[in-house]
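Here are my notes for you, written as numbered points. Have the structure open while you read, and look up each residue as it comes along.

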Amino acid sequence: MKLGTDEGPDAAELGWWLFATALALVLLTSLDVYLGWSVFGVFLYYVARPIARRLQHRGVPPGVAAVITLTVIVLPFIALLGAIAVIAFGQLSTVRVADVERLVRTLFPGFDFRAIPTTPERLSDSVMELLRNPSIRSFLFRIRGFVGTFATQSYNLFLTLIFVFFLVRDERNIADWFHRTVADEETRTGEYLHAVDRGLNSVFFGYTLTIFVIIVLSAVIYNLLNLVAPPGMAIPQTMLVAIATGLATIVPLVGRSIVYFAVVLFLAVVALETDPIRLWFPLLFLAVMELAFDNVVRTYIRPSLSGRLFPTSLIMFAYLLGPPVFGWYGIFLGPFVMVVTVQFLWVVFPGLLGRNTVETEDSDGDGNDSKTT
């Protein structure tokens with residue numbers, strides 16, 4: 001076949017592009033069920049990458065650095081996330097309608113709790129059926145479903161860890177191949193992908209890790225405070241309150257304070273209804289969390305972990321809209337989509353309009369410059 005004509009190369013190239021498009025569609029369709037775990041793997045990669053790079057700079061081979069990072073950092077981190085999830089679900093399952101009604105009536109005296117639905121109808125029917133017929137068959141069916149789900153998710157987690165290992169070990173080879181084959185670092189595509197990489201590092205290693213650290217520390221503090229709490233004045237569902245505290249961190253200015261004052265209001269009302277002398281405990285809670293803990297967060301935790309590449313409002317909407325839109329993995333996919341979109345608007349879109357991007361001062365504290373018009 002002659003390729004010297006004007007039509008030949010164009011037709012062959014068009015055919016290859018069509019084949020590439022079809023191949024991409026097949027891969028996307030086939031791997032759609034692993035989207036959540038893939039995004040979780042990308043998050044773990046950005047958590048592990050700084051540690052692995054420090055080890056490599058000290059002369060540790062990439063493969064050994066990847067194994068050490070996965071063993072010492074990633075696996076304990078996943079275990080911690082699993083423990084948080086188990087405790088949270090355990091506490092959530094112990095929340096009774098009477099507890100919710102007591103909380104609402106304490107915080108909002110005179111509120112007619114019967115005006116809002118308390119329990120989904122299907123859940124109530126399922127519980128009543130289980131109570132009426134607690135047969136061995138029903139129990140075994142639930143155990144079988146649990147074992148099957150556990151085995152499937154364990155396998156997915158294993159694949160995710162392998163994915164993270166190869167990303168950490170071969171990141172330089174992947175980057176070199178991309179720059180040689182697809183786009184050089186000086187091209188617009190190379191600049192855009194570099195900006196996306198910088199943004200994901202800022203969001204995943206920065207904001208997300210900050211949220212988890214605050215959840216863990218606040219849970220420890222809440223349980224320690226409960227050790228000195230007067231009878232009947234313990235902070236309820238400490239892990240759930242800690243998760244709310246961590247997630248509230250992404251709300252500008254008043255995020256965690258909203259959670260603190262809600263707990264203080266609940267404890268104060270309980271103290272006034274029982275013994276006003278017990279008001280010292282909500283005051284102690286407010287002093288520890290609002291003054292001591294928040295100062296530690298602002299002075300040490302956020303500057304050490306959180307990048308400042310993106311406006312806080314964008315981060316907030318990415319985390320809040322991610323889970324409702326995408327599901328459980330939306331807490332990782334939401335920020336990912338935000339980074340890809342915002343960096344496109346900052347790096348590529350001005351050039352499409354015929355405007356040049358200019359360098360601005362470093363906004364994320366890691367020596368990297370952001371792009372703007």
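1. One term before we start: a residue is called buried when its relative accessible area is under 20%, exposed when it is over 50%, and partly exposed in between. Take Arg49 as a try-out: it comes in at 5% relative accessibility, so it counts as buried. Keep in mind that this is a predicted model.

2. Now the overall picture. The chain has twelve helices and two strands. Walk along from the N terminus and you meet the helices before the two strands, which come at the end of the order. Of its 373 residues, 34% count as buried. The accessible surface is about 22,600 Å², and carbon and sulfur atoms make up 68% of that.

3. How much of the contact count comes from residues far apart in sequence? Among contacts with a separation of 6 or more, 70% are between residues 24 or more positions apart.

4. Next, the charged pairs. Side chains of opposite charge can pair when their charged atoms come close. How many salt bridges does a search of the whole structure find? The search turns up three, and the next points go through them.

5. Back to Arg49: its side chain forms a salt bridge with that of Asp197, with N and O 2.7 Å apart. Arg49 sits in helix α2 (residues 35-57) and Asp197 in helix α7 (residues 188-227), so this pair ties together parts that are 148 residues apart in sequence. Unlike buried Arg49, Asp197 counts as partly exposed, because its relative accessibility is 23%.

6. Helix α2 has a part in another bridge too: Arg53 pairs with Glu171, at 3.1 Å from N to O. Glu171 belongs to helix α6 (residues 136-181) and Arg53 to helix α2, so distant parts of the chain, 118 residues apart, are linked. Is Glu171 buried or exposed? At 11% relative accessibility, Glu171 counts as buried, while Arg53 is partly exposed at 31%.

7. The remaining bridge joins Arg169 and Asp170, whose closest N and O atoms are 2.9 Å apart. Arg169 is partly exposed at 33% relative accessibility. Asp170, at 18%, counts as buried; remember that the cut-off is under 20%.

8. Last stop: Asn295, in helix α10 (residues 280-305). Which backbone atom lies 2.6 Å from a polar atom of the Asn295 side chain? That would be the backbone oxygen of Leu291. Asn295 has 40% relative accessibility, so it counts as partly exposed.

Notes: Residues are numbered from 1 along each chain as its sequence is written. This is a predicted model: local features need pLDDT of at least 70, side-chain atom pairs count only at pLDDT 80 or more; totals for chains, interfaces and linings use all residues. Side-chain values use heavy atoms; hydrogens and water are left out. Helices (H or I, at least four residues) and strands (E, at least two) are DSSP runs, numbered from the N terminus. Buried means under 20% relative accessible area, exposed over 50%, partly exposed in between (1.4 Å probe, protein chains only). A polar contact is a pair of N or O atoms within 3.5 Å; within protein, one must be able to donate a hydrogen and the other to accept it, and residues adjacent in sequence count only if both atoms are side-chain atoms. A salt bridge is a side-chain nitrogen of Lys or Arg within 4 Å of a carboxyl oxygen of Asp or Glu. Contact means heavy atoms within 4.5 Å. Accessible areas come from the Shrake-Rupley method with a 1.4 Å probe; for residues, only the protein chains shown count as cover.
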